[in-house]
Every structure is written in structure tokens, then in C-alpha cells.
Amino acid sequence: MALLPILEFPDPRLRTVAAPVDPARVPTPGFQRLLDDMFETMYAAPGIGLAASQVDVHQRFMVIDVSEEKNQPLVFINPEIVAREGEQVCQEGCLSVPGIFADVTRADRITVRYLDREARPQELRADGLLAVCIQHEMDHLAGKLFVDYLSPLKREMVRKKLAKQRRQAAA
């Protein structure tokens, strides 16, 4: 397994809309290794979700593990939200926007259809943190970031703060 580089805002590649995954590709050793690498990268970051777009693979899949023990890995291939209920405000962060957190309003409960790691069709009802994480990662697959929910002024402040952090890290 290998750690993958995570793209950071404002990298324009984060705005790429991901293409659907061919289900025939899912069981291949290369795709399975990529999933393992994404989990390793997410856990090392540390994070609770990682979309393929964040590691410069512009295909519709993501990995998630919201468990405290990091022992409940979930794979969502070609996910589609088919139902939304309620509303919640949650403070979100993002591996592609390190060190920045902001309140985002999302659906409280969702139903998502997807293929699992073995390319089997699944349907999952999720709420709370898992629902937030699924919606956040699906935004990545659509070329959207959580900072897009902020005002233009706040988004520019985030961009400048990250640029300053990168300059200080390089010095």
C-alpha cells in the first residue's frame, strides 16, 4: 500500500467532475489496490472520508470510515443520493482544505444507492455524521468543496490563509 498525495484548495483539479466507474473495473487488482491506498491515505491524514477526486483520480468513488476505532471501512462506487430528509448544520473540515472548519447545512438523513467494493448494488439509509460525510465526499465528485458554501469573502480568506501556510511550510 502507498500514501497518495492529496490535492489542496485552490488546485483547479478539485473542480473536475468525476466520471462513472465501469463496474467491470472494480474487481481488478489495480482498482482494489487503489481503494486500499485511499484508505491508508485517509487514515494517515487523519480523516473520515476521501473522494477519488482528492487524490487526482477523477472517477465516481469514495472511501469512508466514521467509526472511532477506524474499523468500519465503507466503499461507495457511483453513489447516488435518492432521498433526503431534514436538515442539520455541522462543522466540517476537509483534507483538501487543511486546518479550516466551517458550518455547513446538509440533509439530516439520506438514502444512497451505490456499488460496494465487490461491485454489488447496495442501498443505505444514513443519518448524522455518516450522512454528512457521504454528502461532503459526493460534493467532491461533483467538483464542489465545502468552502463553496461560504461567502465569497470568507472563501478568499481561506485561500489566503492556506497560501500563507504553504509559504511558511516551504521556508
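Two strands are taken to pair if DSSP finds at least two bridges between them. On this basis, five strands of the predicted model form an open sheet in the order β1-β2-β3-β6-β7, and the pairing is antiparallel. The edges of the sheet are formed by β1 (49-51) and β7 (121-127), each of which pairs on one side only. Between neighbouring strands of this sheet the average turn is 40°, direction ignored. In general, the strands of a sheet pair through backbone hydrogen bonds, and the arrangement may be either parallel or antiparallel.

The part of the sheet around β2 can be described residue by residue. Strand β2 (residues 61-64) is joined to strand β3 (residues 74-85) by four bridges, and the two strands run antiparallel. Within this pairing, Phe61 stands opposite Ile77 in β3, while the bridge partner of Ile64 in β3 is Leu74. Towards the edge strand, three bridges join β1 to β2, again with an antiparallel course, and here Ala51 stands opposite Met62 in β2. In a regular strand, side chains alternate between the two faces of the sheet. In β2, Phe61 and Val63 point one way whereas Met62 and Ile64 point the other way, and all of these residues are buried.

Helix α1 lies across β1, β2 and β3 and runs at about 45° to β2. A search of the whole structure finds three aromatic pairs, and one of them, formed by Phe39 and Tyr43, is stacked, with 5.9 Å centre to centre and 25° between the planes. Both residues belong to helix α1 (residues 29-44), where Phe39 and Tyr43 are four residues apart, or about one turn of the helix. The two partners are assigned to separate accessibility classes: Phe39 counts as buried because its relative accessibility is 7%, which falls under the 20% cut-off, whereas Tyr43, at 29% relative accessibility, counts as partly exposed.

A further group of residues is marked by annotation. The unreviewed UniProt entry places the feature "binding site" at Cys94, His136 and His140. Although these positions are spread over 47 residues of sequence, they cluster in space, the largest C-alpha distance being 10.3 Å. From this set, Cys94 and His136 are included in the lining of the largest pocket.

The two annotated histidines can both be placed in helix α2, which spans residues 128-141 and contains His136 as well as His140. His136 has a relative accessible area of 6% and is therefore buried. Leaving aside its neighbours within four places in sequence, His136 is in contact with Glu92, Gly93, Cys94, Arg106 and Phe146, so that another annotated position, Cys94, is among its contacts. His140 is likewise buried, with a relative accessible area of 1%. With neighbours within four places in sequence again left aside, the contacts of His140 include Cys94 and Ser96, together with Leu14, Thr16, Ala51, Ser53, Gln54 and Leu145. Among these contacts is Ala51, the residue that stands opposite Met62 in β2.

Gln135 also has its place in helix α2. At 5% relative accessibility this residue counts as buried, and, not counting residues up to four places away in sequence, Gln135 touches Ile81, Arg84, Arg106, Ala107 and Ile110. Arg106 is thus found among the contacts of Gln135 and also among those of His136.

Leu14, one of the residues in contact with His140, lies in the segment before α1. Leu14 counts as buried because its relative accessibility is 0%. Not counting residues up to four places away in sequence, Leu14 touches Leu7, Glu8, Phe9, Ser53, Gln54, Ser96, His140, Gly143, Lys144 and Leu145. Several of these residues, including Ser53, Gln54, Ser96 and Leu145, also appear among the contacts of His140. The C-alpha atoms of Leu14 and Leu162, which are 148 residues apart along the chain, are separated by 15 Å.

Terms used: Residues numbered from 1 in each chain as written. Predicted model: local features only at pLDDT ≥ 70, side-chain atom pairs only at ≥ 80, totals over all residues. Heavy atoms only, no water. Phe/Tyr/Trp six-rings, centres within 6.5 Å; stacked < 30°, edge-to-face > 60°. Buried < 20%, exposed > 50% of the residue type's maximum accessible area, 1.4 Å probe, protein only. UniProt positions renumbered as here; feature names shortened; annotations may be inferred. 1 Å grid on protein atoms, 1.4 Å probe; cavity = no way out; pocket = protein on both sides within 12 Å on 5 of 7 lines; lining within 4 Å. Contact = heavy atoms within 4.5 Å. Axes fitted to C-alpha atoms, helices over the stretch in contact; angles between N-to-C directions.
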